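Here is a short tour to read alongside the sequence and the 3D view. Please keep both open as you go.

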Amino acid sequence: MAYPLQLGLQDATSPLMEELIQFHDHTLMIALLLSTMVFYTILTTVTTKLTNKNMLDSQGIETIWTIAPALILILIAMPSLRVLYMMDEVNNPHLTVKTIGHQWYWSYEYTDYKNLEFDSYMIPTQDLIPGQFRLLETDHRMVVPTDSPVRMLITADDVIHSWAVPTLGEKMDAIPGRLNQTTFVVSHPGVFYGQCSEICGANHSFMPISVEAIPLIHFEDWSTSMLAKI
Amino acid sequence: MSLQKPVMRGLLARRLRFHLPIAIAIGLTSAVSFKYMVTEPRKRAYAEYYKHYDVNKEFNAMREAGVFESVQPTGK
């Protein structure tokens with residue numbers, strides 16, 4: 001999850017997010033290469049002792065600095081498209097969860113077998129118990145099994161929201177009248193947090209997402225117990 | 001005594017011949033350093049983490065610590 005003074009991306013909890021992190025490292029490496037070259041060029045330009053700067057005959061360099069960026073962009077585009085298509089692969093989900101964004105909470109529906117539905121409100125700061133995270137905890141977590149492809153169908157009830165969980169590499173807009181689909185696999189058990197990522201009113205910052213990933217056998221026990229409660 | 005005619009051609013090319021290899025070397029050094037100090041260690045860290053990862057052990061540790069709401073610690 002996020003931590004103070006964090007500079008990079010959160011650690012990955014899904015294979016796709018690992019790919020995204022590697023792509024980000026690749027692109028950042030190229031950006032660093034270009035930035036250092038430009039920085040050196042600027043440094044030499046502003047510190048030169050020559051009073052007449054170099055001019056004229058620029059066809060050569062114009063050609064170089066047109067072709068070189070094109071090649072660099074191809075070097076960035078290839079892994080980019082690879083990850084992009086990987087994100088759209090059909091992976092035969094084991095479970096479908098529907099989530100609906102409301103002002104200002106999320107609701108989850110597990111309707112594959114029976115009708116399990118519940119709302120997920122943020123726990124107010126004054127109601128937190130020690131060890132819980134401010135503005136991230138919810139009264140009911142979305143529970144999913146680990147190592148199982150999960151399909152999310154995302155929509156909204158009123159205004160546009162966005163369902164995002166950074167460590168899973170997930171962000172998808174929740175748009176009223178539209179069903180957006182995304183899939184993910186959670187690599188290991190734990191609790192993972194996200195926040196609404198599309199401005200949706202006064203409490204936009206106070207409708208977090210918390211996903212709890214547990215082994216399949218425990219997930220089945222949980223869904224049975226939740227159905228019994230409702 | 002007449003002055004030697006100053007060189008007024010090819011100044012950019014001369015400057016580039018000097019500075020471009022240095023700029024490319026600095027750029028490549030920083031890129032390669034980033035690759036071997038950040039990217040590769042990160043890939044190795046992920047591979048190492050999952051190589052001996054025991055799902056049940058980690059799950060049970062988290063369960064006993066009371067992290068989950070869907071599964072209570074054993075004994076509760």
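A good place to begin is residues 92-225 of chain A, where the chain is 7% helix and 45% strand and the end C-alpha atoms are 26 Å apart. Helices (H or I, at least four residues) and strands (E, at least two) are DSSP runs here, numbered from the N terminus. UniProt, in an unreviewed entry, gives residues 92-225 of chain A the feature "domain: Cytochrome oxidase subunit II copper A binding". UniProt positions follow the numbering used here, feature names are shortened, and annotations may be inferred rather than shown by experiment.

A word on conventions: this is a predicted model, in which local features need pLDDT of at least 70 and side-chain atom pairs count only at pLDDT 80 or more, while totals for chains, interfaces and linings use all residues. Residues are numbered from 1 along each chain as its sequence is written, chains are lettered from A and ligands numbered from 1 in the order in which they are written, and side-chain values use heavy atoms, with hydrogens and water left out.

**Annotated membrane spans**

UniProt's unreviewed entries list a "transmembrane region" at residues 26-43 and 63-85 of chain A, and at residues 20-38 of chain B. The table sets out what the model shows for these spans.

| Span | Helix and strand | Distance between end C-alpha atoms |
|---|---|---|
| Residues 26-43 of chain A | 100% helix, 0% strand | 26 Å |
| Residues 63-85 of chain A | 100% helix, 0% strand | 33 Å |
| Residues 20-38 of chain B | 100% helix, 0% strand | 26 Å |

**Two domains in chain A**

Chain A is divided into domain 1 (15-88) and domain 2 (95-229), with bounds that come from an automatic or database domain assignment. The C-alpha centres of domain 1 and domain 2 of chain A lie 39 Å apart. Four residues of domain 1 of chain A are in contact (heavy atoms within 4.5 Å) with six residues of domain 2 of chain A. Together these two domains of chain A bury about 350 Å², 55% of it on carbon and sulfur atoms; buried area is the accessible area (1.4 Å probe) that two parts lose on being put together, summed over both. On the side of domain 1 of chain A that touches domain 2 of chain A, three residues are nonpolar, none is polar and one is charged. Ala, Val, Leu, Ile, Met, Phe, Trp, Tyr, Cys and Pro count as nonpolar, Asp, Glu, Lys and Arg as charged, and the others, Gly among them, as polar. Between domain 1 and domain 2 of chain A there are zero salt bridges (a side-chain nitrogen of Lys or Arg within 4 Å of a carboxyl oxygen of Asp or Glu).

**Backbone details**

Two spots in chain A deserve a look. Asn92(A), in the loop between α2 (59-87) and β1 of chain A, has a positive phi near 45°. Gln103(A) and Trp104(A) are joined by a cis peptide bond, with omega about 5°, and Trp104(A) sits in the loop between β1 (95-102) and β2 (105-110) of chain A. Most residues other than glycine have a negative phi, and most peptide bonds are trans.

**Where the chains meet**

How many residues of chain B are in contact with chain A? There are 31, and they meet 37 residues of chain A. Chain B and chain A bury about 3000 Å² between them, 65% of it on carbon and sulfur atoms. Two salt bridges are counted between chain B and chain A. Glu69(B) forms a salt bridge with Arg141(A), and their closest N and O atoms are 4.0 Å apart. On the side of chain B that touches chain A, α1 (11-51) and α2 (55-64) of chain B each supply at least two residues. The largest share, 21 residues, comes from α1(B). That side of chain B divides into 20 nonpolar, five polar and six charged residues.
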